[in-house]
Amino acid sequence: MIFSASDHVFMARALQLAAHGLFTTSPNPRVGCVIVNSGRIVGEGWHQRAGAPHAEVNALQAAGPAARGAIAYVTLEPCSHHGRTPPCAEALIQAGVVRVVSAMADPNPLVAGGGIDMLTLAGIQAEVGLMEQETRALNPGFISRMTRQRPWVRLKTASTLDGKTALSNGQSQWITGEAARADVQKLRARACAILTGSGTVLADNPRMNVRDFDIGRQPLRVIVDSALRTPANAAMLPALIACHRADPDARAALEQAGAEVIALPGAGSRVHLAALLTLLAQRGINELHVEAGAALNGALIAAGLVDEWVAYVAPMAVGDNAHGLFAQPPLTMLADAARFRITDVRQIGDDLRLTLLPK
């Protein structure tokens with residue numbers, strides 16, 4: 001399908017609008033919409049939060065009567081089912097638009113082409129596929145949850161140039177600088193849940209919350225704790241705690257402190273990480289942000305469960321007796337190493353931030 005230069009301009013604007021919901025739409029996708037009549041934008045809108053009007057409805061309200069005979073550019077196929085809000089495809093039909101351009105089809109099985117069919121049956125020219133890759137990049141978690149039934153797993157690490165996360169005595173504050181730590185807050189803010197391991201809880205007692213952004217919510221906090229070592233006064237509580245087998249006394253103490261404890265036994269005495277991701281997806285978790293120690297980092301890498309790695313690297317070296325990034329069995333062949341490709345490199349304060357995807 002061939003799209004014009006103006007089509008690209010208006011869809012790019014719709015994507016800009018969709019990005020306004022980066023921190024707030026969970027568990028819904030980030031969607032933007034632009035209504036254009038006679039080559040002029042007459043209405044704009046984006047989805048702000050679950051339960052609130054969708055992007056198309058906001059844009060149509062802004063356009064008013066000017067929506068009749070107009071073109072709607074929307075970053076995701078208009079929905080065709082009744083959820084918390086009425087179908088957007090129906091709203092576009094009633095408004096009298098004559099053409100709808102969608103960046104991509106909705107991966108939600110409840111829609112999956114239904115919106116396009118509804119528009120087409122109403123005599124509206126419906127087209128799909130303009131700037132699809134940009135839309136996918138904005139909604140990796142929603143797409144992952146709908147197509148793979150698990151969240152998009154984003155692993156964040158902070159290390160020295162020689163790949164160390166803490167000194168041998170455990171000291172790790174601060175390897176990276178203030179600017180990098182502030183940048184991490186953006187990653188937390190866009191996530192639906194934040195995952196760590198019991199080792200990190202015991203060593204650092206972190207809060208693992210969003211502090212620098214008022215996003216109207218806090219991501220679900222999740223702890224992988226095979227033996228239920230998390231203390232009842234941990235700063236991360238209340239949280240979801242995944243264990244291997246739940247000791248009744250430890251479980252009771254944690255639940256009294258506000259934790260939800262779920263047993264997910266895997267191989268040996270470890271938590272079944274894939275089962276945990278499935279559970280989180282069932283709870284509407286799109287993007288899972290991981291800040292953990294070497295054991296959990298290594299287990300996620302070994303299981304092939306990391307979709308994106310954001311590595312902050314500080315310009316310092318601390319020696320080979322310090323703690324490393326990943327705890328994994330020794331390799332005998334380089335061919336067996338987990339490999340990534342770098343998709344972005346930029347300087348954040350004095351540090352580097354590398355974004356990598358699995359090869």
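**Close-ups of an open mixed sheet**

**View 1. The whole sheet, strand by strand.** Here 9 strands make up an open sheet with mixed pairing, and their order is 11-10-9-8-12-6-13-16-15. At the edges sit strand 11 (260-263) and strand 15 (340-348); each has a single partner strand, so one side of each has no neighbour in the sheet. Going from one strand to the next, the twist averages 20 degrees. Keep in mind that this is a predicted model.

**View 2. Strand 6, boxed in.** Strand 6 covers residues 152-160. How many of its residues are buried? The count is 9 of the 9 residues, so strand 6 is largely enclosed by the rest of the structure. In a regular strand, side chains alternate between the two faces of the sheet. In strand 6, W152, R154, K156, A158 and T160 point one way, while V153, L155, T157 and S159 point the other way. Both sets are buried, the charged-looking names R154 and K156 included.

**View 3. Who pairs with strand 6.** Sheet strands pair through backbone hydrogen bonds, in either a parallel or an antiparallel sense. With strand 13, strand 6 pairs in the parallel sense over 7 bridges, and S159 stands opposite V313 of strand 13. Strand 6 also pairs with strand 12, again in the parallel sense, over 4 bridges. On that side, L155 stands opposite V290 of strand 12.

**View 4. Strand 8 meets strand 12.** Strand 8 (residues 193-197) and strand 12 (residues 287-290) run parallel and are joined by 3 bridges. Which residue is the bridge partner of I194 in strand 12? That would be H289.

**View 5. Two helices against the sheet.** Helix 6 (residues 140-148) lies across strand 6 and strand 12, and runs at about 130 degrees to strand 6. Helix 7 (residues 178-190) packs on the sheet too, touching strand 6, strand 8, strand 12, strand 13 (308-314), strand 15 and strand 16. The direction of helix 7 makes about 165 degrees with that of strand 13.

**View 6. A nonpolar patch on the surface.** I342, V345 and L352 form this patch, and together they have about 260 Å² of accessible area. L352 belongs to strand 16 (residues 351-358). With a relative accessible area of 37%, L352 counts as partly exposed, because that class lies between the buried limit of under 20% and the exposed limit of over 50%. A value of 37% also lets L352 into the patch, because patch residues need over 30% relative accessible area.

Technical notes: Residues are numbered from 1 along each chain as its sequence is written. This is a predicted model: local features need pLDDT of at least 70, side-chain atom pairs count only at pLDDT 80 or more; totals for chains, interfaces and linings use all residues. Side-chain values use heavy atoms; hydrogens and water are left out. Patches are made of residues with over 30% relative accessible area and no salt bridge: like charges are joined within 9 Å, nonpolar side chains (Val, Leu, Ile, Met, Phe, Trp, Tyr) within 5 Å. Accessible areas come from the Shrake-Rupley method with a 1.4 Å probe; for residues, only the protein chains shown count as cover. A salt bridge is a side-chain nitrogen of Lys or Arg within 4 Å of a carboxyl oxygen of Asp or Glu. Helices (H or I, at least four residues) and strands (E, at least two) are DSSP runs, numbered from the N terminus. Buried means under 20% relative accessible area, exposed over 50%, partly exposed in between (1.4 Å probe, protein chains only). Two strands pair if DSSP finds at least two bridges between them. Axes are lines fitted to C-alpha atoms, for helices over the stretch in contact, and angles run from 0 to 180 degrees between N-to-C directions. Contact means heavy atoms within 4.5 Å.
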